[in-house]
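Student: I have a structure here and would like to work through it by question and answer. Can we start once it is on display?

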Amino acid sequence: MKRIYLDNAATTPLDPLVLEEMLPLMREQFGNPSSIHGHGRVVRSAIEKARKKVAELLNTSPSEIFFTSGGTEADNTIIQNTVLAKGIKHIITSKIEHHAVLHTAEDLQKKGLAKVSFVELDAKGYVDYDHLEALLKENSTSLISLMHGNNEVGNLLDLDRVGELATAYGALFHSDTVQTMGHYVHDLQRLKTNFIVGAAHKFHGPKGVGFMYLQSGTRIPPFIHGGAQERNMRGGTENVYGIAGLAKALELAYAEMSEHQQHVQGLKSYMIERLKEAIPDVRFNGDPENAAQSLYTVLNVSFPPTADSEMLLFNLDIEGISASGGSACSSGSDVGSHVLTALKADPSRPSARFSFSKYNTREEIDTVVEKLTVIAGVERVS
């Protein structure tokens, strides 16, 4: 049985061209980039070439790009050290952020280092910008931390609007752009963001490598100590072949972005229509039919509360379909989706997140919908 992979928001398959870029640094160019001899200088050059490429694609300076182990480390570094070094006493975030942001903010509040306020959301998961402004008025010297594209339901944040508010009220603005990096253009000369982050494995690069953008003038101390790597911003020997792979993957993503978006948005729209036809009372979490304000790679589906769908993800896996998700928590002890719980989704309705990439096809969508009609109890096999 050939498996169907629809969990690209969790991780994406490595592009073969990215692997080709990485192989020389895994085989022949093995020197430590901190070494001053020839072997080391060759590898140092590869890192700086990658940094320059990332900066060029994001329209910023290489001096503002710092490589990390991924998005989680980048988010932790930015939030924790901005609070510690910039005199920030107030964090504004939302209850549907990735746990890399949410748990970090909550930990700082628990330690008495910062107060955390949660901006209000509507039923579809959009930020209430009026409430955000009210929070900024009440709290000077704030750090706003709001993700660009929600990893579970796909809602997009208006980065320009939040950036304008941050500027108007003297706040710093961090956005977790892990889900949108490589899928949308991020012009950092135009965007009024102080910090953004990326993770290579979300755009067909390798796992274990990411980056953070620290706007000039808002530099912070290192989070990981132990060496002078990354211009004294991150101790530890660099993941050299990962960094090279990240830059190549981002380069390919930008080169293919228009074609990729058209293809993937087409798959998402097609699956929405097929599900509506096949499963009575199917619903969607977030606002997926609003293409302008919904991440085109993510579709979160809410199924009728039938007995057959109680183990939805397990049954999908048995059928050779990889997806992810989770329903809203019905009690404080339930393990479920904190995002769907925050959006007050019906806990009796099982949900699944299907996320797409350039490698998926309509034929795969047809197969998945056919299997779902059985799993959701619409059709029954004899």
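Student: Which residue follows helix 2, and what is the sign of its phi?

Tutor: This is a predicted model, so the angle is computed from predicted coordinates. Helix 2 is followed by Asn59. The phi of Asn59 lies near 55°, and its sign is positive.

Student: What span does helix 2 reach from its first C-alpha to its last?

Tutor: Helix 2 covers residues 38–58, which is 21 residues. At 1.5 Å a residue, 30 Å is expected. The span in the model is close to that, at 31 Å.

Student: Which elements cover the buried residues of helix 2?

Tutor: The buried residues of helix 2 include Val43, Ile47, Ala50, Arg51 and Val54. Among the elements that cover the buried residues are two strands, strand 2 (65–68) and strand 8 (210–214). The cover also includes helix 1 (16–27), helix 7 (229–232) and helix 8 (240–255).

Student: Which strands stand at the edges of the sheet?

Tutor: Seven strands form an open sheet with mixed pairing, in the order 2-8-7-6-5-3-4. A strand at an edge has a single partner strand, so one of its sides is left without a neighbour in the sheet. That applies to strand 2 and strand 4 (115–118).

Student: In strand 8, what is the bridge partner of Thr68?

Tutor: Strand 2 and strand 8 run antiparallel and are joined by four bridges. For Thr68, the bridge partner in strand 8 is Gly210.

Student: What angle does the direction of helix 3 make with that of strand 7?

Tutor: Helix 3 (residues 71–86) packs on the sheet. The strands it touches include strand 2, strand 3 (90–93) and strand 7 (195–199). With the direction of strand 7, that of helix 3 makes about 160°.

Student: And at what angle does helix 6 run to strand 6?

Tutor: Helix 6 (residues 159–168) lies across strand 5 and strand 6. Its angle to strand 6 is about 155°.

Student: Is Thr12 buried or exposed?

Tutor: Thr12 is found in the loop between strand 1 (4–5) and helix 1. Its relative accessibility is 5%. Buried means under 20%, so Thr12 counts as buried.

Student: Which backbone atoms lie 2.6 Å and 2.7 Å from a polar atom of the Thr12 side chain?

Tutor: Thr12 touches residues including Lys202, Phe203 and Gly205. At 2.7 Å from a polar atom of its side chain is the backbone nitrogen of His204. At 2.6 Å is the backbone oxygen of His201.

Methods:
Residues are numbered from 1 along each chain as its sequence is written. This is a predicted model: local features need pLDDT of at least 70, side-chain atom pairs count only at pLDDT 80 or more; totals for chains, interfaces and linings use all residues. Side-chain values use heavy atoms; hydrogens and water are left out. The expected span of a helix is 1.5 Å times one less than its number of residues. Buried means under 20% relative accessible area, exposed over 50%, partly exposed in between (1.4 Å probe, protein chains only). Contact means heavy atoms within 4.5 Å. Two strands pair if DSSP finds at least two bridges between them. Axes are lines fitted to C-alpha atoms, for helices over the stretch in contact, and angles run from 0 to 180 degrees between N-to-C directions. A polar contact is a pair of N or O atoms within 3.5 Å; within protein, one must be able to donate a hydrogen and the other to accept it, and residues adjacent in sequence count only if both atoms are side-chain atoms. Lists of a residue's contacts leave out its neighbours within four places in sequence.
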